[in-house]
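Reader: Hi! Could you walk me through this one?
Author: Happy to, let's take a look together.
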Amino acid sequence: MKGHVAQLNPKYMPYIPIFGVFLVICLFLPYIFIQNEGISKSGINLVMDTLHLMRSEGANSKVYLVISLLVVPAVLSLVFSLSTIFIKRKQIVHLSCIAFVICVISAIVLLLISKKTLDASEILSVKFLIKYLSIGYWMFMIVSLLGLITSMKAAKINPGYIVLTSMSALWLLPLAWVLMISFRAEIGSFTSYFWPKEFTLDNYKVLLTDTSQFYFAKWYANTLLVATCSCIITTIIVLSTAYTLSRIRFKGRRAFMNLALVLGMFPPFMSMIAVYYILKGLGFTQSLVALILVYSGGAALGYYIVKGFFDTIPKALDEAAYIDGANKWHVFTRITIPLSKPVIIFTILISFISPWGDFIFARVIMGDNYDNYTVALGLFTMLDRANIAAWYTKFAAGAVLISIPIAILFICFQKYYVEGLSGSVKG
Amino acid sequence: MRSDRKVNRLLGYGKVFREGDGLTKISFFIMGLSNLCRGQIVKGLLYLILEISFIAYFIKFGFTNLIGLVTLGTQEQSKVFNKVTGIFDFTQGDNSMFMLLAGVTTLFVIAFFAIVWHASINSALITQKLKKMGKNIPGIGDDIMSLFDSNIHKLLLFIPIVGLILFTIVPLVYMILMAFTNYNQSHQPPGHLFTWVGLENFRIMLMSKDTIAHTFWPVLGWTMIWAVFSTFTCYFMGMFLAMLINMKGIRFKGIWRTVFVMTMAVPAFVSLLVLRVVLAPQGALNVLLQELGFISNSLPFFTDVMWARVTVIAVNLWVGLPSSMLITTGILMNIPSELYESAKIDGAGPVKSFMKITWPYMFFVTTPYLITTFIFNINNFNAIYFLTGGGPATLEYFKGAGKTDLLVTWLYSLTVNSWDYCYAATIGIMIFAISATLSLIVYRRSGAYRNEEGFQ
């Protein structure tokens, strides 16, 4: 029976061939339109010009691209979409999906290489700019997208994949770029071209071995030390505070909670300078100990999430333990903490990762003691005006080196992070 | 009610005085006497030592510090021409900043001692009553044991509170007080003194015709606009993405989520610095676009005011989308799917089921998160500083404030670049006022605050 295949959506089937035909029509519409010069070339025109060039000047491989990228996908889509009229099978619809995907990809690629190929082959008399692309091209792009969506819907594939893919590409782009730059051989911050001419591992080598100005490995060690110590101290403080507030109704409890709320509303830098002077008075400036103290000092304010979790542990457990002769300390160490693994991991994760990314406090406390810098501060210094020319690519290498461990940590413990956050949101 | 409690406390001291016998009465003045005489030797000695050290401290430093707090220095550093050596001699003047700090420290020491005194009075009365009733008086060993049980809050909260006081409260009080002085660029110790000016800074910043007032209100306005846009773009895009990944037909949900989580796993400042370089006038993006033929001149991402503002919001969306997506995903998964199925049976389309099922639930649950994020964005130093440094700079604004400066970044530049600490402190207090108002609205409304006991 017509259109009655279980895995196809018959509502969209008739539209597929329409888009296929439309696509071929687009080839005849003006692809490039330059008003001032009066040039109007359609896709087919371009193909003809290219063939002409090939015949007169011999084969020029780049120019082949124009032909294949314009004509081949369009023809493919036409073939497959037309065949959906006759062969109502899942495989054909899938093939037309693929054909349309190729169309979309070639439209994007055309966008990217038009300037290069057209300028090089001198088919046009002027330099090419994207704004010269005209209705033929844009209709090609739009029709192929619509065709893709329609055939996906007909094949009962969720067209949301298109959005997901494009968004993922957009989000990963900067990261991929940093990775690429970290392997670039040419130093210097701003180049007049995009793709590196040479790739090398030199940046990593210099970063890790050259300690004359920036001692990267030591920064790494510094930050590791600071992160570990502040992580331990913070976790202890947060757990103690949260347990006390959750379990014990002592006098001044409400007052403490309100105080914590109020203190949390002050911007952190208000106390930055004051803390610096206090530490100076105690003789601790430009030292990593000062940094550790600053990071973990105010930790008591961050009890909210852990306390919320402790609140969900039934008090009946505590009371059973009291009957068995335990005191509150035993309950804390032997019952509450083992039961709270997710939220403890969350706290450890957060307090370990944040010193890696902090810049403000490190800047204020360290001043210009390069050796005692943390990685964040060091990387920032690499990009200031004095250093950027020489250190740009090393900055990229450093950025990669610092991102990888944190990314791994994050991905491994992603589950706990989400649990902790949604726990706080649910209240 | 509150005044009743205060009166009760005063009456309390009077009551203790009357109820106490001779020893307890004397303990009001010589701390620890009651404990010593009734058998709590270690405890009594501790109280006594504390009292003696406090009196010593007060005589040696405390008194001068308090006076210094009030005057903030009377003698400026001056130079006297020394005829013998032929150069100017500098006589050491008062350092206003140290005096302020010392004064604040002394205030806290006094407060600390008051608490200790209060504890010693109570302890004196308790030991007296215990002795009268013939009960056992706890020795120091028993006291330590109780630290692990009935008094465990004292043990567990000791270090947190010490850390809090040292690193949060004292600096904060110090900075708040600084807002009432004129500690700015022209009054830098040790060369110059600064002094109390009361509410003058607030008046200048809010109501005068000075440049600084012309800076404050626009910066405040931009801060609010920025907070609204950055919060809501991240929120809605995150929700959209979460719903997209959560849709039925999408496979490999975990992989899609991990892709976005990876951008979150890279430390924010790294991504921001990278993007700053990428979007610079000769940065990678502009070069790429020119190479491809999109544009002939660089796009002014950071140099034009409107462009800069839109760019920071867009970049913040890039940075903040993954965490918003994670949170909404967690919540979305809690909505029972039966609701959607029954809605489908009733003929509801995707839009309707979103408006009637997803959105009300989501909004209700994430309201505290929204407001927390809003307040976070008001103070979002990193997102602005690493991208634009607050720029583009303009002459209309006071000393180095730029068109994308938030209140916090302006505070930072006032502190670090132009040393106008008093103005920085004033701004800090304003930020606090705004955040406090918003937070109070949230926490009063949110069920968690009210239903805390409900869980138990």
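Author: First, a term: helices (H or I, at least four residues) and strands (E, at least two) are DSSP runs, numbered from the N terminus. This is a predicted model, where local features need pLDDT of at least 70, side-chain atom pairs count only at pLDDT 80 or more, and totals for chains, interfaces and linings use all residues. Residues are numbered from 1 along each chain as its sequence is written, chains are lettered from A and ligands numbered from 1 in the order in which they are written, and side-chain values use heavy atoms, leaving out hydrogens and water.

Reader: Cool, so where do E200(B) and R203(B) lie?
Author: Both are in helix α8 (residues 200-207) of chain B, three residues apart, which is about one turn of the helix. Their side chains meet in a salt bridge (3.2 Å, N to O), that is, a side-chain nitrogen of Lys or Arg within 4 Å of a carboxyl oxygen of Asp or Glu.

Reader: How many salt bridges are there over all chains?
Author: The count is three. Another one joins D318(A) to R247(A), with the closest N and O atoms 2.6 Å apart. D318(A) is in helix α13 (residues 315-323) of chain A and R247(A) in helix α8 (residues 216-247) of chain A, so the pair ties together parts 71 residues apart in sequence.

Reader: Are D318(A) and R247(A) buried or exposed?
Author: Both are buried, meaning under 20% relative accessible area (exposed is over 50%, partly exposed in between; 1.4 Å probe, protein chains only). E200(B), by contrast, is partly exposed at 33%, and R203(B) is partly exposed at 41%.

Reader: New topic: what's the secondary structure of chain B?
Author: Chain B has 19 helices and two strands. Of its 456 residues, 47% count as buried.
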